[in-house]
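Here are a few exercises to work through with the structure open in your viewer. Try each task before you read its solution.

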Amino acid sequence: MTATVPSPNLAAGLPELPAPHRSPRPAPMFEMIPYEKFRDTPSVRFFDITVPGSNARDMVVHAGPAISPPNDPGSGAWQFYLHPHQEDNLLAMHGGRTFYLVNLGWNYPFHIVRLESGGDILRIPPGTFHRSVSDPDGSLVLNQAVREEGASVVREFRVYNSSRIPRLFAVTSRTAPLPKLHGVSW
Ligand SMILES: [Fe+2]
């Protein structure tokens, strides 16, 4: 009989990281994807926003400066979504939102990306921790997701508390190297 060797990465009782975190570097990078704008005037905006391969749609409306997912109410620690088997393709349809992306498989793991209404589509590869903060007036974001066959919605929308995942916390803590900024200024 062989003894089970505990993971060296996580303390006992902490959640096991999904498979993409154990995959070799580099993980696929996030992308900003342009799309065809047939007409873009103050009175009429007509775009083809088709994302080939998308097989699931979700929409998130923030009425004000909301944070998704919300910070941990006890400690204030940032919390993140991570989809093991889903690619997100996010388009701001109204208002603006700032995304915080962490992928421990990227050479530079922490990026902050600005999403503007009618701007490019943000593609977030599976296995990427992500959270977003809306502008004061809120925002409406359409996600044209690509879900792998058999993906479980419960697992895809699990929330990860950074204070309970040492590597994630180390990358996003105040003492870590500053994130790379994309369309954002301090
Ligand atoms: Fe997502």
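**Exercise 1. Find which way strands β4 and β10 run, and how many bridges join them.**

Solution. Start with strand β4, residues 56-62: seven bridges tie β4 to β10, and the two run antiparallel. To pin down the register, look for Met59, which sits opposite Leu142 in β10. Keep in mind that this is a predicted model.

Next, follow β10 to its other partners. Strand β5 (residues 67-68) pairs with β10 over two bridges, again in the antiparallel sense, and here Ile67 faces Val133. Then there's β7, antiparallel to β10 over 13 bridges. One pair to click on is Glu87 with its bridge partner Val146 in β10.

**Exercise 2. Place those strands in the overall chain: how many helices and strands are there, and in what order do they come?**

Solution. Count first: you should get two helices and 12 strands. Now read along the sequence, and the pattern is β-β-β-β-β-β-β-β-β-β-α-β-α-β.

Then ask how far apart in sequence the contacting residues are. Take the contacts with a separation of 6 or more: 80% of them link residues 24 or more positions apart. As for burial, 26% of the 186 residues count as buried.

**Exercise 3. Work out how the side chains of β8 are arranged, and which strands β8 pairs with.**

Solution. Step along β8 and sort the side chains by face. His111, Val113 and Leu115 point to one face and are buried. Phe110, Ile112 and Arg114 point to the other face and are not buried.

Now for the partners. β7 and β8 run antiparallel, with six bridges between them; Val102 has Phe110 in β8 as its bridge partner. With strand β12 (residues 180-182), β8 pairs in the parallel sense over three bridges, and Ile112 stands opposite Leu181 there.

**Exercise 4. Identify the residues that touch the most other members of the largest nonpolar core, and the elements that build it.**

Solution. The core has 21 residues, and Leu90, Val102, Leu115 and Leu122 touch the most other members. The elements giving two or more residues to this core are β7 (86-102), β8 (110-115), β9 (121-124), β10 (129-147) and α2 (166-172). The largest share, six residues, comes from β7.

Zoom in on Leu115 as a check. Skipping neighbours within four places in sequence, Leu115 is in contact with Leu90, Ala92, Gly96, Arg97, Phe99 and Leu122.

**Exercise 5. Decide whether Pro125, Met93 and Arg155 are buried or partly exposed.**

Solution. Take Pro125 to begin with, in the loop between β9 and β10. Pro125 counts as buried because 20 C-beta neighbours lie inside 10 Å, and the cut-off for buried is 20 or more. Beyond four places in sequence, Pro125 touches Ala27, Pro28, Phe30 and Glu87. Try the distance to Asp88 too: the C-alpha atoms are 6.7 Å apart, though 37 residues separate the two in sequence.

Move to Met93, in strand β7. Met93 has 15 other C-beta atoms within 10 Å, so it is partly exposed. Its contacts beyond four places in sequence are Ser117, Leu140, Val141 and Leu142. With Leu142, 49 residues away along the chain, the C-alpha separation is 6.9 Å.

Finish with Arg155, in helix α1 (residues 153-156). Arg155 has 13 C-beta neighbours inside 10 Å and so counts as partly exposed. His83 is 72 residues away from Arg155 in sequence, yet 7.4 Å away in space, C-alpha to C-alpha.

**Exercise 6. Find which residues a cis peptide bond joins, and where pLDDT stays under 50.**

Solution. For the peptide bond, go to Ser68 and Pro69: the bond joining them is cis, with omega about -15°. Pro69 belongs to the loop between β5 and β6 (79-81).

For the confidence, start from the whole chain: pLDDT averages 87, and 86% of the residues score at least 70. Then look at residues 6-14, where pLDDT stays under 50. For this stretch the model has three contacts beyond four places in sequence. Where pLDDT is low, don't read the predicted coordinates in detail.

Methods:
Residues numbered from 1 in each chain as written. Helix = DSSP H or I, 4+ residues; strand = E, 2+ residues; numbered from the N terminus. Buried ≥ 20, exposed ≤ 12 C-beta atoms within 10 Å, placed from the backbone. Contact = placed C-beta atoms within 7 Å. Core = buried A, V, L, I, M, F, W, Y, C linked by C-beta atoms within 7 Å. Pairing = 2+ DSSP bridges. pLDDT = per-residue confidence, 0-100.
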